[in-house]
Amino acid sequence: MAPSGYTIRLQKGGFAPPTPTAILSLAKDADNSYISIYESIRPDGGSGLEDKPERTVDSSDEVEGLVTELYEILQDLPLESPPGSEDIYGKDISISWSSDDFAWCNGGQQGCVGGDSDVRPSETERHKFTRAVEIVNKLVDMAV
């Protein structure tokens, strides 16, 4: 089961150079029964990210199930080594998770610095990463 408080961040684009096309942030305080959703999206042809209004998604069994699945997937996935060296999942997407008991982040908020990673994910791990991306997107889509 996932912790009761956490932050999740998904950045699309921006591995090299660090020019993201979207940043999705999800935050849940342990005392709240909802997740706050923040989106910054680069419009087509735009030069910068535009913030969308904050939305929320109530914690339901489905939502908690998705968050727990994400938490468990990330615990099993390797990270590039050295950190920020390479997009080992090949998706130009980074995910970060932060809670009191666990932290995970592939890539870096400032993009990858270049070089080769000493770590290579298996095909199964690549599929798990794809599922993690799907979960974050689904949680954002569920927000009102």
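Two strands are taken to pair if DSSP finds at least two bridges between them. S1 and S2 meet this with seven bridges, in the antiparallel sense. The model is predicted. The points below cover the strands, the aromatic pairs, the nonpolar core and helix H2.

**Strand pairing**

- S1 (6-12) and S2 (22-28) both give two or more residues to the largest nonpolar core.
- Within the antiparallel pairing of S1 and S2, the bridge partner of Thr7 is Ala27 in S2.
- S1 also runs antiparallel to S6, to which six bridges join it; here Thr7 stands opposite Ser98.
- Five of the seven residues of S1 are buried, so this strand is largely enclosed by the rest of the structure.
- S6 pairs with S7 as well, antiparallel and over four bridges, and these two strands form a hairpin with two residues between them.
- In the pairing of S6 with S7, Trp97 stands opposite Trp104.
- Side chains alternate along S7: Phe102 and Trp104 point to one face and are buried, whereas Ala103 and Cys105 point to the other face and are not buried.

**Aromatic pairs**

- A pair of aromatic rings is described by the distance of the centres and the angle of the planes.
- With ring centres within 6.5 Å as the cut-off, the model has four aromatic pairs.
- One of them joins Tyr71 and Trp97, with 5.3 Å centre to centre and 45° between the planes, and is tilted.
- This pair links distant parts of the chain, since Tyr71 belongs to helix H1 (residues 61-76) and Trp97 to strand S6 (residues 93-99), 26 residues apart.
- Tyr71 and Trp97 are both buried.
- Tyr89 and Phe129 form a stacked pair, at 4.3 Å centre to centre with 10° between the planes.
- The pair of Tyr89 and Phe129 also links distant parts of the chain: Tyr89 lies in the loop between H1 and S6, and Phe129 lies in helix H2 (residues 123-142), 40 residues apart.
- Tyr89 is buried at a relative accessible area of 4%, and Phe129 is buried at 0%.
- Tyr6, Tyr71, Trp97 and Phe102 make up one aromatic cluster.

**Nonpolar core**

- In soluble globular proteins, nonpolar side chains tend to be buried together.
- The largest nonpolar core here has 32 residues, and Leu74, Ile95, Trp97 and Trp104 have the most contacts inside it.
- Two or more residues come from each of S1, S2, S3 (34-41), H1, S6, S7 (102-105) and H2.
- Apart from neighbours within four places in sequence, Trp104 is in contact with Leu74, Leu77, Pro78, Leu79, Tyr89, Ile95, Ser96, Trp97 and Phe129.
- The contacts of Trp104 thus include both rings of the stacked pair, Tyr89 and Phe129.

**Helix H2**

- H2 has 20 residues, which at 1.5 Å a residue should span 28 Å; the end C-alpha atoms are 29 Å apart, which agrees.
- The buried residues of H2 are Phe129, Ala132, Val133, Ile135, Val136, Leu139 and Val140.
- These buried residues cover an arc of only 155° around the axis, which puts them on the same side of H2.
- An α-helix has 3.6 residues a turn, so residues three or four places apart point the same way.
- The face of H2 turned away from the buried side carries the exposed residues Glu123, Thr124, His127 and Asp141.

Conventions: Residues are numbered from 1 along each chain as its sequence is written. This is a predicted model: local features need pLDDT of at least 70, side-chain atom pairs count only at pLDDT 80 or more; totals for chains, interfaces and linings use all residues. Side-chain values use heavy atoms; hydrogens and water are left out. Rings of Phe, Tyr and Trp (its six-membered ring) pair if their centres lie within 6.5 Å; planes under 30 degrees apart count as stacked, over 60 as edge-to-face and the rest as tilted. Buried means under 20% relative accessible area, exposed over 50%, partly exposed in between (1.4 Å probe, protein chains only). A nonpolar core is a set of buried Ala, Val, Leu, Ile, Met, Phe, Trp, Tyr and Cys residues joined through side-chain atoms within 4.5 Å. Contact means heavy atoms within 4.5 Å. The expected span of a helix is 1.5 Å times one less than its number of residues. The arc is that of the directions from the helix axis to the C-beta atoms.
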